[in-house]
Amino acid sequence: MREDLQVYDNILQLVGNTPLISLNKITKDFKGKFSAKIEAFNPGNSSKDRIALYIIEEAERKGILKPGDTIIETTSGNTGFSIAMVSCIKGYNCILAVSSKSSRDKIDMLKTMGAKVYVCPANVPADDPRSYYEVAKRLHQEIDGSVYINQYFNQLNIDAHFHSTGPEIWKQTEGKITHLVACSGTGGTISGTARFLKEKNPNIKILGIDAFGSVLKKYHETGKFDKDEIYPYRIEGLGKNLIPSATDFKSIDRFMKVADEDAAHAARELARTEGLFVGYTSGAAMHGLKLYSEEGEFDKDSNVVIIFPDHGSRYMSKIYSDEWMTEQGFMDNHTANAEMDIEI
Ligand code: PMP
């Protein structure tokens with residue numbers, strides 16, 4: 001059982017210092033030692049707490065943000081939740097411009113945390129004045145003293161992980177880590193963590209995870225943006241249809257692409273084998289780790305850390321719903337949820 005029975009001033013003191021937990025069963029056929037950094041232990045249940053807190057506190061340090069000012073971002077996902085949580089504790093207004101594709105649950109969750117949510121049409125180009133990018137930009141220009149987080153193009157996103165995730169993993173592995181496996185969306189997590197770890201030991205290998213339907217892997221390999229790589233996919237928060245400047249491609253050694261179906265089954269397998277109820281991208285990272293292992297990336301001396309970015313509860317109507325899995329054509333007997341109907 002945990003020993004730290006400290007009383008905290010507020011929930012923000014619990015951001016970071018997430019546990020590293022050994023993976024014992026799911027990796028039993030792989031060479032090496034594996035442990036997972038469980039970002040769902042952050043109070044907002046994802047790694048995005050780190051960047052929300054860091055970027056907002058940097059703006060405070062630079063005197064850009066004063067109590068009562070406004071923080072703006074375009075997201076309905078984890079980043080929106082984390083910014084809303086930090087804003088409510090610190091007394092800022094939080095405005096989130098989200099796409100009309102976002103689920104009602106997500107919009108309600110953000111409103112519950114006190115955010116003002118602008119729902120913008122999903123089916124318009126990014127440069128249309130009604131798009132969520134343009135709405136956020138316009139609000140930022142109109143509202144005095146507002147800060148636009150802009151996570152895909154903000155270098156502080158990288159710095160947040162350089163100053164927290166990287167040092168934590170170094171300390172937790174006592175400097176023995178040999179490989180990092182991490183998803184890339186904005187690229188902040190993998191880039192910031194990689195920069196710190198490579199400063200400590202340049203031989204640590206940084207293995208990225210991308211999605212089929214995203215441009216990141218191809219860009220990493222060729223330096224070219226290939227729009228033919230882009231097509232719709234299901235995994236949320238992984239990969240991208242543009243090149244984010246919050247990704248330091250030089251700090252990453254390789255990328256592996258993962259398919260929607262494989263990621264969903266890997267997430268379900270993590271719940272059943274390790275008791276880890278984590279999100280869709282955690283499943284993607286887990287499947288990617290398996291593919292890296294099959295390609296011979298690891299040997300018996302490897303000490304591999306994999307980052308699991310968020311909690312499974314945000315995906316109940318998706319990968320953890322047998323109905324959704326069946327609709328996607330993903331269902332097989334391997335990970336179907338056991339259910340007994342008892343007739344009385
Ligand atoms: N997983 C989830 C669930 C996410 O929301 C994100 C953020 N888009 C990522 C992984 C990727 O993290 P990063 O943006 O730091 O690359």
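In these legends, Ala, Val, Leu, Ile, Met, Phe, Trp, Tyr, Cys and Pro count as nonpolar, Asp, Glu, Lys and Arg as charged, and the others, Gly among them, as polar. This is a predicted model, in which local features need pLDDT of at least 70 and side-chain atom pairs count only at pLDDT 80 or more, while totals for chains, interfaces and linings use all residues. Residues are numbered from 1 along each chain as its sequence is written, and side-chain values use heavy atoms, with hydrogens and water left out.

**View A. The ligand and its shell of 13 residues.** Residues are placed around the ligand if one of their heavy atoms lies within 4 Å of it. The closest are Gly185, Thr186, Gly187, Thr189 and Thr281. Sorted by class, this shell holds 9 polar, 2 nonpolar and 2 charged residues.

**View B. Polar contacts of the ligand with Lys48, Gly185 and Thr186.** A polar contact is a pair of N or O atoms within 3.5 Å; within protein, one must be able to donate a hydrogen and the other to accept it, and residues adjacent in sequence count only if both atoms are side-chain atoms. Look for a ligand oxygen 2.8 Å from a side-chain N or O atom of Lys48. With Gly185, it is a polar backbone atom that sits 2.7 Å from a ligand oxygen. Thr186 brings a polar side-chain atom to 2.6 Å from an oxygen of the ligand. The protein covers 95% of the 390 Å² of accessible area (Shrake-Rupley method, 1.4 Å probe) that the ligand has on its own.

**View C. Helix 5 (residues 155-163) beside helix 6 (residues 165-172).** Helices here are DSSP runs (H or I, at least four residues), numbered from the N terminus. Axes are lines fitted to C-alpha atoms over the stretch in contact, with angles from 0 to 180 degrees between N-to-C directions. These two axes come within 3 Å and cross at roughly 20 degrees, so helix 5 is roughly parallel to helix 6 (under 35 degrees). Contact (heavy atoms within 4.5 Å) involves Ala160, His161, Phe162 and His163 of helix 5 and Thr165, Gly166 and Pro167 of helix 6.

**View D. Helix 9 (residues 260-274) crossing helix 10 (residues 280-294).** The axes come within 7 Å and cross at roughly 100 degrees; the helices are therefore roughly perpendicular (65 to 115 degrees). Among the residues in contact are Ala263 and Leu270 of helix 9 and Tyr280 and Met286 of helix 10. By class, this contact has 8 nonpolar, 3 polar and 2 charged residues.

How values were computed. Angles under 35 degrees count as roughly parallel, over 145 as roughly antiparallel, 65 to 115 as roughly perpendicular and the rest as oblique.
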